[in-house]
Amino acid sequence: MDRNRRLVNYSLLALTGTGVYYTVGTMFQSLEPPKKALLDAATYIDTTALPLNEIAYFSWQKKPLFILKKDATLTLDKKRDIKIGDYYYTVMVGICTHLGCVPKYNASLKRFICPCHNGQFDYNGNALASPVTKPLVIPPFKVHDEMIIVGEVGEAYLQLMEASKA
Ligand code: FES
């Protein structure tokens, strides 16, 4: 093989090697969840700090999250409430189940009203008025002591999912 041809072959080999190195490196990087995603994966809520019988607002994975801490003066909902200590909690993703707008809570009417097509939900997240027909989604969550961890699946969540089928 002449000298020039060998030089071309070595250059091609070096270029191919570099390409493989970056391709494989990028492939493995894409398999790892980005650090930001890990931070956003769960939302930790200290229930002792929540106001009673009012909606508290959080976010989970960039979605609005509504949490109602209530006592027996409000209507309880066995299919949607969990009990922690002396209080009941309803955890809801704050996205309208019609077409995805964010409902606003009207405290005097005690219901969520969607600004897009006037769909309405009660404070437990149940659909009340057309065009909504499905309740606000309960996100996966876990209870640890007096903390609700949204984004992890726990026993209380599984029980609610089971109860909602009945
Ligand atoms: S998006 Fe909420 S009622 Fe249509």
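What follows is a chat between a biologist and a modeller about side-chain contacts and strand pairing in a predicted model.

Biologist: Let's start with the rings. How are the rings of tyrosine 57 and phenylalanine 66 arranged: stacked or edge-to-face?

Modeller: That's one of four aromatic pairs in the structure. The ring centres are 5.5 Å apart and the planes stand at 85°. Planes over 60 degrees apart fall in one class, so tyrosine 57 and phenylalanine 66 are edge-to-face.

Biologist: And phenylalanine 66 with phenylalanine 112, is that pair stacked or tilted?

Modeller: Here the centres are 4.8 Å apart, with 5° between the planes. The cut-off for this class is under 30 degrees, so the pair counts as stacked.

Biologist: How many residues apart in sequence are the parts that this pair ties together?

Modeller: Phenylalanine 66 belongs to strand β3, residues 63-70, while phenylalanine 112 belongs to strand β7, residues 111-113. Phenylalanine 66 is buried at 2% relative accessibility, and phenylalanine 112 is buried too, at 0%. Because the two rings sit in those two strands, the pair joins parts whose separation in sequence is 46 residues.

Biologist: Which residues make up the aromatic cluster?

Modeller: We've already met three of them: tyrosine 57 pairs with phenylalanine 66, and phenylalanine 66 pairs with phenylalanine 112. Add a tyrosine and you have one cluster, made of Tyr57, Phe66, Phe112 and Tyr105.

Biologist: Now lysine 69. Over the face of which residue does lysine 69 lie?

Modeller: Lysine 69 is in strand β3 and, at 7% relative accessibility, counts as buried. Its contacts beyond four places in sequence include Leu52, Glu54, Tyr88 and Tyr89. The ring it covers has its centre 4.7 Å away, and that ring belongs to tyrosine 87.

Biologist: Which backbone oxygen does the lysine 69 side chain reach?

Modeller: Lysine 69 also touches Thr47, Thr48 and Leu50, among others, and its C-alpha atom is 5.3 Å from that of leucine 52, 17 residues away along the chain. The side chain makes its 3.1 Å approach to the backbone oxygen of threonine 47.

Biologist: Over to threonine 97. Is threonine 97 buried or partly exposed?

Modeller: Threonine 97 sits in the loop between β5 (87-93) and β6 (104-106). Buried would need a value under 20%. Threonine 97 has 26% relative accessibility, so the label is partly exposed.

Biologist: What is the distance from the threonine 97 side chain to the backbone oxygen of lysine 134?

Modeller: Leaving aside sequence neighbours within four places, threonine 97 contacts several residues, including Phe121, Val132, Lys134 and Pro135. The C-alpha atoms of threonine 97 and proline 135 are 6.9 Å apart, across 38 residues of chain. From the threonine 97 side chain to the lysine 134 backbone oxygen, the distance is 2.6 Å.

Biologist: On to charges. Which residue forms a salt bridge with aspartate 81?

Modeller: Side chains of opposite charge can pair when their charged atoms come close. The model has three salt bridges, and aspartate 81 takes part in one with an N to O distance of 2.9 Å. This one links aspartate 81 in strand β4 (residues 81-84) to a residue of strand β3, eleven residues apart. Aspartate 81 is buried at 10%, and the partner, buried at 0%, is lysine 70.

Biologist: How far apart are the closest N and O atoms of glutamate 152 and lysine 142?

Modeller: Glutamate 152 is in the loop between β11 (147-150) and α3 (155-165), and lysine 142 is in strand β10 (residues 141-144). Both are partly exposed, glutamate 152 at 26% and lysine 142 at 30%. Their closest N and O atoms are separated by 3.2 Å.

Biologist: In which helix do glutamate 162 and lysine 165 lie?

Modeller: These two form a salt bridge at 3.6 Å, and lysine 165 is exposed, with 66% relative accessible area. They're three residues apart, about one turn of the helix, and that helix is α3.

Biologist: Last one: which residue in the turn between β10 and β11 has a positive phi?

Modeller: Strand β11 pairs antiparallel with β1 (residues 43-46) over four bridges, with isoleucine 148 as the bridge partner of isoleucine 45. Four bridges also join β11 to β10, again antiparallel, and lysine 142 stands opposite isoleucine 149 there. β10 and β11 form a hairpin with two residues between them, and the one with a phi of about 50° is aspartate 145.

Conventions. Residues numbered from 1 in each chain as written. Predicted model: local features only at pLDDT ≥ 70, side-chain atom pairs only at ≥ 80, totals over all residues. Heavy atoms only, no water. Phe/Tyr/Trp six-rings, centres within 6.5 Å; stacked < 30°, edge-to-face > 60°. Buried < 20%, exposed > 50% of the residue type's maximum accessible area, 1.4 Å probe, protein only. Lys NZ or Arg CZ within 6 Å of the ring centre and 35° of its normal. Contact = heavy atoms within 4.5 Å. Polar contact = N/O pair within 3.5 Å; in protein donor to acceptor, adjacent residues only side chain to side chain. Salt bridge = Lys/Arg side-chain N within 4 Å of Asp/Glu carboxyl O. Pairing = 2+ DSSP bridges.
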